[in-house]
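Q: Please take a close look at the second largest pocket in this protein. What lines it, and what does the chain do in the parts that follow from there?

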Amino acid sequence: MAFDILVTAPHLEPAGRDLLEAAGCRLDFVSLEGGREELARKLSATPFDGVISRFMPISGEAMAGCPTLRAISRAAAGFDIIDVPTATARGIAVLTAVGANAQSVAEYTIGLVLACARDIPRHDHATRVGGWERSRLGIELHGRTLGLVGYGRIARGVARIALAIGMRVVAWSPRLGQAGDIAPVERAASLHDLLARADVLSLHCPLTAETRGMIGAAELALLGPEAMLVNTARAGLLDEAAVVAALREGRLRAAALDVRPTEPPPAELRLGEVPNLIQTPHMGGATTIARAATAKTAATHLLDVLLGRPLPPDACVNPEVLRR
């Protein structure tokens, strides 16, 4: 049986596209220029069976324009750009490519930690314009404590690399609970316990009602003055203004943000020249291997739902839809 699939981007990597086309699917794409308006227009004009979701948010209003829609499959691990409550109410399964880009994001996270610890962007910029500044000394990571907020696949990958460097690793997650041994990683008793112990804080939680804004001024105040913060998860986990204030006032040594509340940020949200802040454009999972893996995983999960095949247990955000 052929299915009509809309991809919310101008293209899909061959690893996913070939899989869908081999199953007889008809694919359509959304241009960057057309954006959300084109997405909504196409959903209302064609009885699509499924959507491969890349970068564009999908609102409940857009879903309502396509009553045949059965599944939205993210070519990514996060799902906060999807109106999940509306999808659930309409019987639309929301799927994620959980784990497909975990190694790439873990490596990128460690890269940002190293860049913060050794002031690599600052030294690069100064040297390019003729400087030769060597007075500011870096931080050696060996023997320091890495605090992980969240302990899923990406965080576990970060932990493995950090342990190899010689760091101590402590983890806390609202989902981690108290059962089970996670050695050699230590389990923090609470978020505040983690913050009090961390020299480097790295965020790896999904953005939910429970985790939104979990790192604010009060939490940052628990970190030491040489502490560093890295966020490769979701911007909504922290209060950006509080991070900027801590950097400007010298209460944080450095921070690296790979995610922003709006991407790309409009002029009024650009952070500009903030001391010791590294900004990158959501590049954690942007490797050739990860991009192919997320496309293939998203296509596989979408076909699983449309063909009535079983899914991996953690692939569906709203599994109650599949039980109906």
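**The pocket and its surroundings**

A: The lining of the second largest pocket is made up of seven nonpolar, four polar and three charged residues. The model is a predicted one. The second largest pocket holds about 400 Å³ of space. Its lining has 14 residues, and those closest to the centre are P121, R122, E273, N276 and L277. Three elements give two or more residues to this lining: helix α5 (102–118), helix α6 (120–128) and strand β12 (277–279).

One residue from that list, N276, deserves a closer look. N276 sits in the loop between β11 and β12. Its phi is positive, near 60°, and N276 is not a glycine. As background, most residues other than glycine have a negative phi, and most peptide bonds are trans. With a relative accessible area of 25%, N276 is partly exposed; a residue counts as buried under 20% and as exposed over 50%.

The loop between β11 and β12 also holds P264. The peptide bond that joins E263 and P264 is cis, with omega about -10°. Past β12, H282 lies in the loop between β12 and α11 (288–306). H282 is another residue with a positive phi, about 55°, although it is not a glycine. Its relative accessibility is 34%, so H282 counts as partly exposed.

A cis bond is found in another loop as well. The bond from A183 to P184 is cis, with omega near 10°, and P184 belongs to the loop between β7 and β8. S173 is placed in the loop between β7 and β8 (186–187) too. S173 has a relative accessible area of 11%, which means that it is buried. Leaving aside residues up to four places away in sequence, S173 touches G150 and Y151.

Next comes the nonpolar interior. The largest nonpolar core has 32 residues, and V149, L201 and I215 have the most contacts inside it. Two or more residues each come from β7 (168–172), α8 (191–197), β9 (200–203), α10 (240–248) and β11 (254–257). Helix α10 gives the largest share, five residues. A separate core of 28 residues includes A106, A115, M167 and V200. Back in the largest core, V149 has contacts with W172, L191, L194, L201, S202, L203, H204, C205 and M214, again not counting residues up to four places away in sequence.

A164 shows the opposite situation to a buried residue. This alanine lies in helix α7 (residues 153–165). Its relative accessibility is 68%, so A164 counts as exposed. A164 and D119 are 45 residues apart in sequence, and their C-alpha atoms are 21 Å apart in space.

Helix α2 has both kinds of residue. In α2 (residues 35–45), G35, E38, L39 and L43 are buried. Viewed down the axis of the helix, these buried residues fall within an arc of 130°, so they line one face of α2. The face turned away from the buried side carries the exposed residues E37, R41 and A45. The buried residues of α2 pack against β1 (4–7), β2 (26–29), β3 (50–53) and α3 (60–64).

To return to the request: the pocket is lined by 14 residues, and one of those closest to its centre, N276, has a positive phi.

Conventions: Residues numbered from 1 in each chain as written. Predicted model: local features only at pLDDT ≥ 70, side-chain atom pairs only at ≥ 80, totals over all residues. Heavy atoms only, no water. Core = buried A, V, L, I, M, F, W, Y, C linked by side-chain atoms within 4.5 Å. Buried < 20%, exposed > 50% of the residue type's maximum accessible area, 1.4 Å probe, protein only. Helix = DSSP H or I, 4+ residues; strand = E, 2+ residues; numbered from the N terminus. Contact = heavy atoms within 4.5 Å. 1 Å grid on protein atoms, 1.4 Å probe; cavity = no way out; pocket = protein on both sides within 12 Å on 5 of 7 lines; lining within 4 Å. Points joined across faces, edges and corners; volume = space filled by probe spheres on them. Nonpolar A, V, L, I, M, F, W, Y, C, P; charged D, E, K, R; others polar. Arc of directions from axis to C-beta.
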